Amino acid sequence: MNDITIVPTSPFADQRPGTSGLRKRTPVFQQPHYLENFVQALLDEAALTSTQTLVVGGDGRFHNREAIGVIVRMAAANGIRHVIVGRGGLLSTPAASHLIRTGAHGGIILSASHNPGGPDGDFGIKYNTANGGPAPESFTNKVAERAAALTSYRVAELPAFDLDVLGVQQLGTLTLDVVDPVTAYASLMETLFDFDAIRALLAGGFTMRFDAMHAITGPYAVEILERRLGAPAGTVINGTPLPDFGGGHPDPNLTYAHDLVEELFGQTAPDFGAASDGDGDRNMILGKRFFVTPSDSLAVLAANATLVPGYRDGLAGVARSMPTSAAVDAVAAKLGIPCYETPTGWKFFGNLLDAGRITLCGEESFGTGSNHVREKDGLWAVLFWLNVVAARGESVEQIVREHWAGYGRNYYTRYDYEGVPTDAANGVMAHLRAQLASLPGQLLGHRVVGAADDFSYTDPVDASVSARQGIRILFADGARIVFRLSGTGTEGATIRVYIEARETAPDRLGMATAEALAELVTTALAVSEMVKRTGRDAPTVIT
């Protein structure tokens, strides 16, 4: 038996999980009892028995190893007998989801996703349930209630253990199983994609670059792209995971993946470029001097899914988050399959996936996935694109432009205002909500408002309701402006503004996005009084 200590504690007032778990600045998690309190609340609510298995891993950011040590000792103290950990404490989020789905009963993932890391960066923790997906709001709400009432936590005294040694370590009553974080995931990818076709594509002179951004996907990309698919050494750049992500911001977009973008838009650009984020669940896709928006990416993959072995039998349905452009809706309509619109947060796709209602899903925030796991999956999306390119024998740009010609083009952009004082951000949303009843029928710019609401979602599987998910201004011609507060930041508030216009006329498919959306951007800033209420003359990031 392991010696167990019951440690008296007091609740912290800020332990309510957001869209993707509990995220705070790293020093907050380093406070005495802070991590332990939240882990105890998670374990209390998860209520795993001695015969059930817990998966633990993270993206390798600063404080990852120390946190895993705490979690293992607390798991043992709470009666858990089997814990699986990625070697070095590393597991990409999609790989963790896969491990859970292959025999575990839950998992604790340590990541703040695309947020910066390091001693002064961000840290995060979330729980994934037995289906491999993020815990639903019903679970996280109970965790928050438990954390707010906690008076003690349990921790076991264990023999020393080594996260860098593969194999089983017996720690009293706890069996610690340290596994290779890459192998099972890479083997899963081989069952979904035509590796022979991709291998032939790369051997035939097709060139590519993958930027791992010094984050978790480096070892995965090296194993799959360079070793299994034969891409030249050096195809993967920034491939060593670092606790501070090399001082960078591990968010794969045009702003933060600037080195990759410069290479793909340079004179000697490779044919294909891609990047992933801190924990491996996001992706950015680039062709030679051509950027693929995440919304277009989801639509193109859905339209070409039967070219890929794992999806050759077709799609049951598709889903997108509400702020994501409606590009995939047009594909679903043509294929005659359902298309669901959910709130932001991957957990909302889980019920649809488990019920077999959808096969592919995605978010505008560089997240795409399918029913192979219950998380978005960055490297999976890269392999899907490579498989489609290999099957069609066309460039990324050709594939996307042919898609626009067949389905129409949804011009789309997102303005992020990060670190806005919470009162000012709430003021913007309150100002918008006050206008909802009066907006329909108004002329804003040159467009008539058809409807306006605060999006509410009723889950078609369990009938749960998620209200106040974002302000929508829907124009009669199909254009949209959406405003919402993000739940992924750690300081202040992030206001996201999503702007979309749809074009089907052949002579209007080749405009620059900024040109196509200029009037709608002006309208969005005016109707929200963004500059006046936040003091921001420009967004932090435009994607």
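The second largest pocket in this predicted model holds about 430 Å³ of space. A total of 26 residues line this pocket, and those nearest its centre are Phe291, Thr293, Arg409, Tyr412 and Thr513. Several elements chip in here: β14 (290–292), α10 (294–303), α14 (396–407), β19 (409–420) and α16 (513–528) each give at least two residues to the lining. Sorted by class, the lining of the second largest pocket comes out as 16 nonpolar, five polar and five charged residues.

Two of the elements that line this pocket, β14 and α14, also turn up around a five-stranded sheet. That sheet is open, its strands run in the order β11-β10-β12-β13-β14, and the pairing is mixed. At its edges stand β11 (236–237) and β14, each with a single partner strand, so each has one side without a neighbour in the sheet. On the β11 side, β10 and β11 pair in the parallel sense over two bridges, and Phe210 has Val236 in β11 as its bridge partner. Helix α14, for its part, lies across β12, β13 (283–287) and β14, and runs at about 60 degrees to β14.

Strand β12 brings in an aromatic contact as well. The structure holds 15 aromatic pairs. One of them joins Phe206 and Phe272: the ring centres are 6.3 Å apart and the planes sit at 40 degrees, so this pair counts as tilted. Phe206 belongs to the loop between α7 (195–203) and β10 (208–211), while Phe272 is in strand β12 (residues 272–276), so the pair ties together parts that are 66 residues apart in sequence.

Next comes a sheet of seven strands. This one is open too, with mixed pairing and the strand order β2-β6-β5-β3-β4-β9-β8. Its edge strands are β2 (22–25) and β8 (167–171), and each of these pairs on one side only. From one strand to the next, the twist averages 20 degrees. At the β8 end, five bridges link β8 with strand β9 (residues 174–179) in the antiparallel sense, and Gln170 stands opposite Thr175 in β9.

Which strands does helix α3 lie across? Helix α3 (residues 64–77) crosses β3 (53–58), β4 (82–90), β5 (106–110), β6 (122–128) and β9, and makes an angle of about 170 degrees with β4. Helix α4 (residues 93–101) packs on the sheet too, where it touches β3, β4, β5, β6 and β9; the direction of α4 makes about 165 degrees with that of β5.

Strand β6 has a part in enclosed space as well. The structure holds four cavities of 30 Å³ or more, and the second largest cavity has a volume of about 110 Å³. Its lining is made up of 16 residues, with Gly21, Lys126, Tyr127, Ala135 and Thr140 nearest the centre. At least two lining residues come from each of α2 (34–46), β6 and α5 (137–149). By class, the lining of the second largest cavity splits into nine nonpolar, five polar and two charged residues.

Finally, there is a small set of strands further along the chain. Strand β20 (residues 443–444) and strand β21 (residues 447–454) run antiparallel and are joined by two bridges, with Val448 in β21 as the bridge partner of Leu443. Together β20 and β21 form a hairpin with two residues between them, and Gly445 in the turn has a positive phi of about 65 degrees. Strand β21 also pairs with strand β24 (residues 471–475): these two run antiparallel and share five bridges. In this pairing, Asp454 stands opposite Ile471 in β24.

Conventions
Residues numbered from 1 in each chain as written. Predicted model: local features only at pLDDT ≥ 70, side-chain atom pairs only at ≥ 80, totals over all residues. Heavy atoms only, no water. Pairing = 2+ DSSP bridges. Helix = DSSP H or I, 4+ residues; strand = E, 2+ residues; numbered from the N terminus. Axes fitted to C-alpha atoms, helices over the stretch in contact; angles between N-to-C directions. Contact = heavy atoms within 4.5 Å. 1 Å grid on protein atoms, 1.4 Å probe; cavity = no way out; pocket = protein on both sides within 12 Å on 5 of 7 lines; lining within 4 Å. Points joined across faces, edges and corners; volume = space filled by probe spheres on them. Nonpolar A, V, L, I, M, F, W, Y, C, P; charged D, E, K, R; others polar. Phe/Tyr/Trp six-rings, centres within 6.5 Å; stacked < 30°, edge-to-face > 60°.
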